[in-house]
Amino acid sequence: MSYIKPKVLILLIVVSGILTSMPAFAVSGIYYVSDYAPIEDGNIVKAQKDALNISKKKAVQKALTEIFPEKTYEAFYSFLNKKIVPRADLFITNYKIANQDISDLAYTINLTVRVDMELLRKHLSRLGLIKVPGSPPLASVFVTLDIPVDLELAEVLANQASEDISSKLIDAGITFIPPPPEEDLKKTPDEGIEGHAEVVKPQFRIIRPPQTQGSLILAGIDAMTDLAIGVNFQKNGEIEGSSDSMLIPVKLIIEAIDTGTAESAFADSREFTMAIKSTGERVIGDELSRNIKELSALVAAELKADFVDRETIRSSYTLNIEGSVTSFVLRELKYRLKARLGEEATIVPVAYTKEQARLNLWTAITAPKVIDILKEIELTGFSLDVEQSDGVFTIVLRDDPAAVRGVIEYGLEVPFYKRIPVPGLENPEDLKKVELVQWAEQEENGTIYTANIAPVGMGIIGKIDYSRDHDFYHFLLPERTIELAVRVELTGPDELQSRVRIFSSAGKLISDKRARRRGRNLYQTVRIDPDTRAVILAMEDYLGRHKSLFSYVLNVDARVK
C-alpha cells in the first residue's frame, strides 16, 4: 500500500538483572578545563594539587551538562554537586596537563580530561537520575505553612519537617533531591566548586497556601522527581497565650503524590497543640517533633513498599530500538506489549530520536514468556522475525503491507429489528430491514495507534465487547472531501448509547457526537477540510456501563467537492 513507507526496524531486548546498566550510546568525553588555586605560605605543591582537583571537578560538571538538558541539570544541581562531583577521580580515565603558570599569588593549570561517560551514566542510574530497570525513585519535599508564625519560626518548622522526612526516605532506599540554589545564587559549571565561593542552598522547598494535590503535582513535575511529598501545617483553632509564649492548635498533613500517574500514594494527618516560647531562645514543644517523626516513618515505609520493594519482585529488561522508528510505531509497540503483559507491567520510554529509541520494562513475567509474547505481537505494516543469541533477543520488523491491521471481509446480510420482545429471540414481524455488510472490525483496535484501516462508503459490523471498549477506525478519504456522513445503527434493542469521535490523522479532535439516548441510532454530518487525507473515528458506549448484546453497523460516506 502506498501510504506505508518501506523500512526495516531492529528491536534489541537485553535481558538484565534487577539493576541493569545503560546501553553505551555515548563514548567517553574529552573536556578542556582550567582553574587556579592560591599559593599560601609558599606551598606550591598544595596549590598545584588544589588546582588539579578543582579542574577535574569542572570536567565532570561539564560532562553532566551534556548528559542532562539545562532545566534538568538545574533541578538536580545541588544533588549532583553533593553526590557526583566530589567523586570526580572515579569518573576520569586520564588527563594531561596542557600548560601551567605559577605567580606569587596563585597556581594556574590547563588540563585535557577524558571522562568515562558510561561509568558516569551508570552511577546516575543507580541514584535514579537516569531511569533504568531497578533504579530508585526520586522524591522531593514541599512545605506549606498556613499558620501565623514569623519568618524565623517558619524556617525552623520547614527545616525540621524537610530534614526528618528526607532522612527517612534515604533510609528507605529513595533518592531525595534537595532544592536547587536560589536564582541569584546559581553557579555555572565553572563555579560553585569546593575551593571557590560557596553556593548557598535553601534547606527546604515552599508551596504557598493553600497546598492542594494539583499544586503538589505541578511542584513535583517542576522538580523532576517521581514522588512529591507535601507537608502542610494548618491552623486548627484559636491561638492562646501571651506575648512571650503561645499555644497554637495545628493540623499537620503529609501527602505523597506519584507525579507519573498524578495519584495519591500516601496521606495521613495529626492534630496537636504546638507550644512556642517567643522570648529568649526559641523553643518548640516536643509534640511537633514527635508527630513529624511518626508521620515521616509512616510515609517512608509506605513508599518503600510500593516503589522500592516492588521492583525487587519484578524482572527488568531494557528494550533498544534501532532503525528509522516513528513515534507511531513506538506507541503501538508499547500499547501491544502492555495489553499482553498486564496492568502490573511498567513500560517507561527513556530515549527517542529518529535513529534510536529505548524503553525500560518491569514485569513479573519470566523472560521465556516475554519472548513468546513478543513473537505474538503484530504491528501495523510489519512482519516480525524473532531471534535469540547469547542473552540478546533480536526482533526484525520488515515492511509488509499484508500485515496492515484493517477491517476483515464479512460479506453477509445483517437483519435490523425495531424491537425484540425477548433479547436473542427473533420475531420476523418486527423486521425493519436487511442490509449487506461488507466488512467487520478486527480486534485489537482499542487505541488511536491501532485503528483498523477501513474504506469509506461500505458498512462495517462491530461490537462493544466490554464496558470500556473503544473501536477505532482509520479512513483514507478521497481527494477534495468536504463532508462526511456518519451513521451508527444498532441491530437490536441494545442498552448501548453510541458515541462517535472523529480525529485528524495527527490526533486533533474534529467532532464529538452521541446518540440522544440508549438504544437509538446515531446520524451526523461533519464538515472536513478539503486538504484532509485521512481521519480516525472512535466508536464507544457513552457512559461505558454496558457491553453490547447486539452488533452495530457503522457507515461513513464521503462527499467530494
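Let me begin with one pair: the side chains of Asp222 and Lys71 meet in a salt bridge, with 3.8 Å from N to O. This contact joins distant parts of the chain, since Asp222 belongs to helix H7 (residues 213-223) and Lys71 to helix H2 (residues 70-75), 151 residues apart. Asp222 has a relative accessibility of 49% and therefore counts as partly exposed, the limit for exposed being over 50%. I should say at once that the model is predicted.

Allow me to set that pair in its context. The protein chain has 561 residues, of which 46% are buried. Ten helices and 28 strands are assigned in the chain. Among contacts with a separation of 6 or more, 70% are between residues 24 or more positions apart. The chain exposes about 28,000 Å², and 50% of that area is supplied by carbon and sulfur atoms.

I return now to helix H7. Which residues of H7 are buried? They are Leu216, Ile217, Ala219, Gly220 and Ala223. Because these residues cover an arc of only 165° around the axis, they lie on the same side of H7. And what do the buried residues of H7 pack against? Their partners are H2, E5, strand E7 (205-206), E8 and E10. Helix H2 thus appears twice in this account: it packs against the buried residues of H7, and it carries Lys71, the salt-bridge partner of Asp222. H7 is followed by Met224, which has a positive phi, near 60°.

Three of the strands just named deserve a closer look. Strand E8 (residues 227-235) is mostly covered, with seven of its nine residues buried. On one hand, E8 is joined to strand E5 (residues 138-146) by eight bridges, and these two strands run parallel. On the other, nine bridges join E8 to strand E10 (residues 245-258), and here the strands run antiparallel. One residue allows us to follow the pairing across E8. Gly230 in E8 is the bridge partner of Phe142, and Gly230 also has a bridge partner in E10, namely Glu255. E5, E8 and E10 are also among the elements against which the buried residues of H7 pack.

For comparison, consider helix H10 (residues 367-376). Its buried residues are Val370, Ile371, Ile373 and Leu374. Their arc around the axis is only 160°, so they sit on the same side of H10. Which exposed residues does the face turned away from that buried side carry? Pro368 and Lys375 are found there.

Let me come back to charged pairs. In general, side chains of opposite charge can pair when their charged atoms come close. How many salt bridges does the structure hold? The count is 21. Some of them are linked: Asp268, Arg270, Glu287, Arg290 and Glu294 form a network of salt bridges.

Two further salt bridges concern strands E23 and E28. In one of them, Arg559 pairs with Glu483, and the closest N and O atoms are 3.3 Å apart. Here too distant parts of the chain are linked, as Arg559 is in strand E28 (residues 552-560) and Glu483 in strand E23 (residues 481-490), 76 residues apart. Are these two residues buried or exposed? Arg559 is partly exposed, at a relative accessible area of 42%, whereas Glu483, at 18%, is buried. The value for Glu483 is under the 20% limit for a buried residue.

The other salt bridge is formed by the side chains of Asp557 and Arg487, at 3.6 Å from N to O. Asp557 lies in E28 and Arg487 in E23, so this pair ties together parts 70 residues apart in sequence. Asp557 is partly exposed, with a relative accessible area of 29%, and Arg487 is likewise partly exposed, at 24%.

My last point concerns a single residue, Ser504, which is placed in strand E24 (residues 498-504). Its relative accessible area is 17%, so Ser504 is buried. What is Ser504 in contact with, leaving aside its neighbours within four places in sequence? The contacts are with Ile510, Ala534 and Ile536.

To close, I return to the opening pair. Asp222 of H7 and Lys71 of H2 link parts of the chain 151 residues apart, and H2 is one of the elements that the buried residues of H7 pack against.

How values were computed. Residues are numbered from 1 along each chain as its sequence is written. This is a predicted model: local features need pLDDT of at least 70, side-chain atom pairs count only at pLDDT 80 or more; totals for chains, interfaces and linings use all residues. Side-chain values use heavy atoms; hydrogens and water are left out. A salt bridge is a side-chain nitrogen of Lys or Arg within 4 Å of a carboxyl oxygen of Asp or Glu. Helices (H or I, at least four residues) and strands (E, at least two) are DSSP runs, numbered from the N terminus. Buried means under 20% relative accessible area, exposed over 50%, partly exposed in between (1.4 Å probe, protein chains only). Two strands pair if DSSP finds at least two bridges between them. Contact means heavy atoms within 4.5 Å. The arc is that of the directions from the helix axis to the C-beta atoms. Accessible areas come from the Shrake-Rupley method with a 1.4 Å probe; for residues, only the protein chains shown count as cover.
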